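Q: Please give a close look at a single part of this structure, and then set it beside other features. A reader new to the structure would welcome one connected account.

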Amino acid sequence: MSNKKEKELNLKGTLYSVGFVGVFILVTWFMAFYLFIERF
Amino acid sequence: MTTITEKAKDLVKVDKRDGKLALAHIYVAFISLFIGGLCGLLQTLVRSGHFTLPWGIGYYQILTVHGVLLGLILTTYFIFGFQIAAVSRTAGTLTSKQRLLGWIGFWVMTVGVVMAATMVLLNEASVLYTFYAPLQAHWIFYLGLTFVIVGSWIGGAGQILKYIEWRKANPGKPSPLITFMVVINLALWIIASLGVATSVLFQLLPWSLGWVDKVDVLISRTLFWYFGHPLVYFWLLPAYMVWYVVIPKIIGGKIFSDSLARLSFVLFLLFSIPVGFHHQLTEPGISSFWKFLQVVLTLMVVIPSLLTAFSLFATFEIRGRMLGGKGIFGWLKKLPWNDARFVVPFIGMVAFIPAGAGGIINASHQMNQVIHNTIWVTGHFHLTVATSVLLTFFGAAYWLVPHLTGRVLTKEMNRLAIIQAIVWSVGMSIMSTAMHIVGLFGAPRRSDFSTYGGSAQAAEWIPYQLAQAIGGTILFIGIILALYIIANLLWFAPKGDEEFPIGEVSEHAEKTPMVFENWKIWLTICIVLILFAYTVPFIDMIQNAPPGSIGYKFW
Amino acid sequence: MHMHKYEKWWLTFGVGSLVLFLVIVGFSAFHYGSHPPSAKVYIDPERVDEIAPFNNPGVHKVEGKDWDYEVVFVASAFYYNPPEIEVPLDAKVKFIATTKDVVHGFQVAGTNINMMLEPGYVSEFVTTVDKSGEYLILCNEYCGIGHSTMTSMLKVVE
């Protein structure tokens, strides 16, 4: 029963939002990593 | 939608006597905000190169005041005020014994604050709030900070006793969510502060009193950072309490999942302590292996924040769709953008995205060399504690203070509160962004204005330091606005009933398993993880200890 | 505990990213030796000036080691000795430093050379200086009233 209700929840916006957060984390981390590699 | 019983629940008031105790803490918090904030403003002005401090006041003296008052006093007092009210509201009025413990704790802490503050003002303790042995402060400074910590244990015991009493009275039932969260935060605080208490009692106090000549610097730093990182989670968790439990109610929605909220708090308890080495990544005397092991544990503590991000977005989306929001982001428009109780903490949540991303970079082992002790770090924690946490505390104070004083947040104050948060965001965006960028160029934190002997590199930093002063000035205006609103809510707002919003769990959520209340399991894992992360390197530090250091007073 | 499908996706993505970060930094540390400065060399902080190599601060060309030069620094409130050094471009340099009194920082602005100096411990970092220029060396750990005047200069010359 609770499973069925769960499927009805539309959380598309949440998925996009956390997706943005994730991409932001990845991009900033790799920028910092690039700086580390590039410097002596 | 709201039934009569729900309406009645909304009006549950925190007992007047508990309210008084909570308010006492909140007073100290906001006085600290004013003095500490003023020192922050002065620091940014000095560092712009266009201002010198009058009356022989030292830069590092006001830096110590800023760090101690805002990092330790404002946070601890506000958190205790909030937690006392939250426990009283959800687990019931404190017994007179529990309340007495609260008051004893309050006064022990406050005596400690006065002792430490006096020594800082007399310029006997410009060692910053991270202590920096073998710089040696006056023993009264260390004793004062010991009082603050011991006082917090006594006051914390009052809150924990209420939880124990509730559990006994309600066998087999999960405790009220926010009370559970309070107890997690106190457990975290007590376990963590044992480290700094050990350092102060067994190293710094005897040494500053002259009973022993020397101090082991690496051990004192390790004990400090064993405390120093969970400290930031002790600040953050009350903000998460507001985000998880209070905000859903304010927007008219439900808590997405009680179990996931408890799970993330348990994960914070487990993973926020054995991670102190990520503040010591560039230090000698600790092997890269043990540093890396704690780096792994540090990134584990990101997971509960990932869970939290999802739960919060989901809470907002479900509510927004209920109100007719269409499309992928239509629900965003349906949120109460004119309600300061929502908007102010919401800005704090947004700030946590760059704050968290920066935190992951800081903790990434050798990458720490890029930013260690640069002003990037200052920019980082002004997003975490001085934006995410502080704006959430402001947002909470806007209903908590009137709830406790029997007044209401008026329309005008609500509007001003939103303006305050916008002012804060503008000031912080300017200051923190400038700090992040110039930190990557190499500009150091905790430093007076300097041209560094006319270095070409240092000359490039000055425009950013000017930007920090502009941001800092805007932030100080933000502090004045916040204090104006708080003063209104304390003494002048119209009498009435302001709700203490406590969310209810969504009907979609599963029943909360009782395993979360099994402290034997969580405390055992917590201690095992700490022993795992610290035992070997700590024994190594003791066995290979170099000759200790005598004290210095270089300020 | 039941989780929404998207939440599982998000956690997989999030935890996956964290694992990726750890693999990258762990691999470059433990495979390529790109460790953060973590030397375990001990010294009596009150006798620094008498003990080699700190009895002779400066730039030293070395033979038969993994690096070409050793750069020895002694820090004390509020000075670095030497106040300026010069190394040739593309040299592999080992920086060796310690402090005679309180905790200091040793940061070469705009580079990855960034380490804590603690009394009783020697800090070391090896790197190849592959960009010429003048780099400010500064103390980035609060050490007292003269903290922000504590500097030296690294010149990388062709």
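A: Residues 15–37 of chain A are 100% helix and 0% strand, and their end C-alpha atoms lie 33 Å apart; helices (H or I, at least four residues) and strands (E, at least two) are DSSP runs, numbered from the N terminus. An unreviewed UniProt entry annotates this span as "transmembrane region", in the numbering used here, with feature names shortened and annotations possibly inferred rather than shown by experiment. This is a predicted model: local features need pLDDT of at least 70, side-chain atom pairs count only at pLDDT 80 or more, and totals for chains, interfaces and linings use all residues. Residues are numbered from 1 along each chain as its sequence is written, chains are lettered from A and ligands numbered from 1 in the order written, and side-chain values use heavy atoms, without hydrogens or water.

In chain C, five strands form an open sheet with mixed pairing, in the order 5-11-10-7-8; two strands pair if DSSP finds at least two bridges between them. Strand 5 (85–88) and strand 8 (114–117) of chain C are at the edges with a single partner strand each, so one side of each has no neighbour in the sheet. From one strand to the next, the twist averages 20°, with axes fitted to C-alpha atoms (for helices over the stretch in contact) and angles from 0 to 180 degrees between N-to-C directions. Strand 7 (residues 104–108) and strand 10 (residues 133–138) of chain C run antiparallel and are joined by two bridges. Opposite C:Val108 stands C:Ile137, in strand 10 of chain C.
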